Amino acid sequence: MNEDLKVNVSGLPRDYLDAGAAGNVSAAVSSQVPGVEPEPELVVNPWDIVLCTSGTLISCENAIVVLIIFHNPSLRAPMFLLIGSLALADLLAGIGLIINFVFAYLLQSEATKLVTIGLIVASFSASVCSLLAITVDRYLSLYYALTYHSERTVTFTYIMLIMLWGTSICLGLLPILGWNCLQDESTCSVVRPLTKNNAAILSISFLFMFALMLQLYIQICKIVMRHAHQIALQHHFLATSHYVTTRKGVSTLAIILGTFAACWMPFTLYSLIADYTYPSIYTYATLLPATYNSIINPVIYAFRNQEIQKALCLICCGCVPSSLSQRAPSPSDV
């Protein structure tokens with residue numbers, strides 16, 4: 001009888017087990033087989049961490065430039081005003097990247113998305129426009145060397161600043177005023193909530209400004225080469241000396257323009273051909289180099305400048321090295 005009972009219990013039909021004893025069977029199985037927990041999903045996107053880190057570095061670096069220019073009354077020439085505008089734009093861009101990271105994981109809402117993307121668009125637009133304004137100023141300072149240091153130049157500089165910041169603010173307000181894809185996902189660009197048309201306008205505007213900067217830098221190279229040749233003739237320099245100084249000036253301009261193109265061109269072209277259906281990793285991979293331009297800008301335009309170097313030395317150590325005070329500008333400083 002006992003053996004029959006055992007056989008009957010062990011040979012219960014499957015539907016009976018499922019209906020009446022599923023709980024006991026699952027408990028027995030779970031006690032014998034170790035449970036396999038699902039792998040935890042990443043809470044924070046590593047790309048967002050990299051962008052936030054980049055934004056922090058951008059903010060710290062450009063904040064130094066803004067403070068130096070703001071606290072030194074001697075740095076009020078048009079060139080320093082434009083460098084300050086560039087540093088302020090990059091500073092706001094860095095803050096925008098940090099705020100975007102905080103809002104994306106702590107305060108998720110449509111309003112915060114629109115405000116954040118508006119700040120980022122406005123600040124990066126002001127950064128690119130400031131680079132163009134600096135190029136225009138450098139060209140005018142060489143082409144109209146005799147009349148450059150005049151009240152007219154200062155007025156023209158303020159007009160450029162008002163125009164570039166007004167245009168940048170208008171571009172940043174477009175998503176907030178309704179030009180966004182929150183209501184229609186099919187119109188989204190690679191950067192949500194910007195629309196495809198909005199991204200296309202920004203990309204085409206960048207390509208236009210890049211072409212204008214390229215043309216201006218070609219003219220600047222011609223002027224630098226002509227000036228270097230005239231200086232060499234006046235001071236009876238050797239041909240090799242003339243070649244070295246000219247090469248330095250042209251190399252500096254090539255580095256400036258090449259860095260600008262290398263940072264912004266990948267994201268610009270990608271924004272024109274891609275949309276929201278493309279993998280986000282491509283957006284991050286092209287957007288990150290664009291942020292590097294705001295890291296490089298202070299090194300190229302601010303920290304290489306002799307007057308800013310003197311002001312920075314005064315702040316850090318309270319003195320100006322003799323090497324800075326005795327250094328004369330060269331064609332490579334354009």
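This passage describes the fold, core, surface and selected residues of a predicted model.

The secondary structure of the protein comprises 12 helices and 0 strands, and, read from one end of the sequence to the other, the elements follow the pattern α-α-α-α-α-α-α-α-α-α-α-α. Of the 334 residues in the protein, 40% are buried. When contacts between residues at least 6 apart in sequence are considered, 75% of them join residues that are at least 24 apart. The accessible surface amounts to about 19,200 Å², and carbon and sulfur atoms account for 68% of that area.

The interior was examined next. The largest nonpolar core contains 63 residues, and the members with the most contacts inside this core are Tyr217, Phe260, Trp264 and Tyr301. At least two residues of the core are supplied by each of helices H4 (46-70), H5 (78-106), H6 (110-143), H7 (151-176), H8 (196-234), H9 (239-273), H10 and H11 (306-317). The largest share comes from H6, which provides 14 residues. In soluble globular proteins, nonpolar side chains tend to be buried together. For Phe260, once neighbours within four places in sequence are set aside, the residues in contact are Val128, Leu131, Phe206, Phe210, Met213 and Asn293.

Two residues of helix H10 were considered in turn. Ser294 belongs to helix H10, which spans residues 280-302, and Ser294 counts as buried because its relative accessibility is 0%, where the limit for a buried residue is under 20%. With residues up to four places away in sequence not counted, Ser294 touches Ile58, Glu61, Asn62, Asp90, Phe124 and Ser127. Thr283 is likewise placed in helix H10, and with a relative accessible area of 10% this residue is therefore also classed as buried. Apart from neighbours within four places in sequence, the contacts of Thr283 are with Val190, Val191, Phe267 and Tyr270.

A position outside the helices was also considered. Asn72 is located in the loop between H4 and H5, and at 18% relative accessibility Asn72 still counts as buried, since the category extends to values under 20%. Although Asn72 and Ala311 are 239 residues apart along the chain, their C-alpha atoms are separated by 7.7 Å.

Attention then turned to the cysteines. The structure holds 1 disulfide, which is formed by Cys181 and Cys188, with the two sulfur atoms 2.0 Å apart. A disulfide is a covalent bond between the sulfur atoms of two cysteines. The link of Cys181 and Cys188 is right-handed, with 90 degrees about the S-S bond, and both Cys181 and Cys188 are buried. Among further cysteines, Cys60 counts as partly exposed because its relative accessibility is 47%, whereas Cys129, at 15% relative accessibility, is classed as buried.

Charged pairing is represented by 1 salt bridge in the structure. The partners are Arg192 and Glu185, whose closest N and O atoms are 2.8 Å apart. Neither partner reaches the exposed category, which requires over 50% relative accessible area: Arg192 is partly exposed, with a relative accessible area of 37%, and Glu185, at 38% relative accessibility, counts as partly exposed as well.

On the surface, Val115, Ile169, Leu173, Ile176 and Leu177 together make a nonpolar patch of about 460 Å². Helix H7 gives the most to this patch, contributing 3 residues. One of the patch residues, Ile169, lies in helix H7, and at 45% relative accessibility Ile169 counts as partly exposed. Helix H7 thus appears in both parts of this description, since this helix is among those that supply at least two residues to the largest nonpolar core and also gives the most to the nonpolar surface patch.

Definitions and conventions. Residues numbered from 1 in each chain as written. Predicted model: local features only at pLDDT ≥ 70, side-chain atom pairs only at ≥ 80, totals over all residues. Heavy atoms only, no water. Helix = DSSP H or I, 4+ residues; strand = E, 2+ residues; numbered from the N terminus. Buried < 20%, exposed > 50% of the residue type's maximum accessible area, 1.4 Å probe, protein only. Contact = heavy atoms within 4.5 Å. Disulfide = S-S within 2.5 Å. Core = buried A, V, L, I, M, F, W, Y, C linked by side-chain atoms within 4.5 Å. Patch = residues over 30% accessible without salt bridge, like charges linked within 9 Å, V, L, I, M, F, W, Y side chains within 5 Å. Areas by Shrake-Rupley, 256 points an atom, 1.4 Å probe, with all protein chains shown as cover. Salt bridge = Lys/Arg side-chain N within 4 Å of Asp/Glu carboxyl O.
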